[in-house]
Structures are given as structure tokens and as C-alpha cells.
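These are my notebook entries on a single model, kept in the order in which I looked things up.

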Amino acid sequence: MNSDPIADYLTRVRNAIKANHRIVEIPSSNIKKEITKVLYDKGYIQSYKFEDSAVQGNIKIALKYNPSTKQSAIVKLERISKPGLRKYAGSEELPRVLNGLGVAIVSTSKGVMTDKEARTQNIGGEVLCYVY
């Protein structure tokens, strides 16, 4: 049993990037699917596929690299809200990552979205992670 599945998700992606893997396979859950969709929409990953087989299913993520420099599109993935200390922010206090160049992924009452989308909809929530 995993006590923090989101941290496990981020660690698997981080490790795959360090090992220069093209594809990473992660056990599926609804929150992980939503985080994957946000990463795809913001251009941090190349593609994804949800495989709903048997009990849990898997998420296959194709990582994105710069063809000339072999540098990953994701420089850093950082978990913010942890099971032992949850971090919540209202729409006015939502963090700006790298002065707007990065993305904070926020779990709100309207679903998982970026900090910019939450600010425009004027809703706050739990700050899950930073991506840049």
C-alpha cells in the first residue's frame, strides 16, 4: 500500500526523465489521470494512454524531449501538499511558479487545473505540485 500515490506518480516520472526513458508506466487512479491531462494540455508530456485492464489499470506516458539537446520538457517536479501537511490556497493566494513560467497544479472543487485557470475562475484549492 502506498501512503502518497501522487508523490509516487511524480517520483516515477522524475526517475524516468533522469534515466532518459521515452515511456513511463504508472498505476492508475482518477487524480493521476487528471494530473496527466493537465501535463499534456500544458505541453510537458508528448502523449498519454489510459489502459483500464483488470482491477486498477495503468497510465502510459510518453515523455517529451528536445530533439537537439536531449533535454526533457520537465525540468523539475515538486510535491507541495503532503498527507502530513496539506497546503491550501484561496484564489488570491495561489502561487506563481517561476514568475508565471511554471505551473502549479491545484485540486479544486471544479476538478484538477492549473493555478492560472483557478485564478480566472476565482476558486482556490489544494496545491498539489509545481511543474517547470
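I began with Tyr48, which at 29% relative accessibility counts as partly exposed; by the convention I used, buried means under 20% relative accessible area, exposed means over 50%, and partly exposed lies in between, with a 1.4 Å probe and protein chains only. I note at once that this is a predicted model, in which local features need pLDDT of at least 70 and side-chain atom pairs count only at pLDDT 80 or more, while totals for chains, interfaces and linings use all residues. Residues are numbered from 1 along each chain as its sequence is written, and side-chain values use heavy atoms, with hydrogens and water left out.

**Aromatic rings.** I next looked up the aromatic pairs, of which the structure holds two. The rings of Tyr40 and Tyr48 have centres 5.2 Å apart and planes at 80 degrees, so I entered this pair as edge-to-face. The rule is that rings of Phe, Tyr and Trp (its six-membered ring) pair if their centres lie within 6.5 Å, with planes under 30 degrees apart called stacked, over 60 edge-to-face and the rest tilted. Tyr48 also pairs with Phe50, at 5.0 Å centre to centre and with 45 degrees between the planes, and this pair is tilted. Ring pairs thus link Tyr40, Tyr48 and Phe50 into a cluster. For the other two members I noted that Tyr40 is partly exposed at a relative accessible area of 38%, and that Phe50 is partly exposed at 25%.

**Lys33.** From Phe50 I went on to Lys33, which touches Ser28, Phe50, Asp52 and Ile59 when residues up to four places away in sequence are not counted; contact here means heavy atoms within 4.5 Å. Is Lys33 buried or exposed? At 16% relative accessibility it counts as buried, and its place is in helix 2. Helices (H or I, at least four residues) and strands (E, at least two) are DSSP runs, numbered from the N terminus.

**Helix 1 and helix 2.** I then examined how helix 1 (residues 5-18) and helix 2 (residues 30-41) are arranged: their axes come within 10 Å and cross at roughly 40 degrees. The axes are lines fitted to C-alpha atoms, for helices over the stretch in contact, and the angles run from 0 to 180 degrees between N-to-C directions. Helix 1 and helix 2 are therefore oblique to each other, since angles under 35 degrees count as roughly parallel, over 145 as roughly antiparallel, 65 to 115 as roughly perpendicular and the rest as oblique. Which residues meet in this contact? I listed Pro5, Ile6 and Tyr9 from helix 1, and Ile31, Lys32, Ile35, Thr36 and Leu39 from helix 2.

**Leu63.** In strand 3 (residues 58-63) I looked up Leu63, which at 2% relative accessibility counts as buried. Leaving aside neighbours within four places in sequence, I found Leu63 in contact with Val13, Ala16, Ile17, His21, Arg22, Val24, Ile45 and Gln46. I also recorded that the C-alpha atoms of Leu63 and Ser47, 16 residues apart along the chain, are separated by 7.3 Å.

**Positive phi.** Last, I checked Lys70, which has a positive phi of about 60 degrees although it is not a glycine; it is found in the loop between strand 3 and strand 4 (77-79), and it is exposed, with a relative accessible area of 55%.
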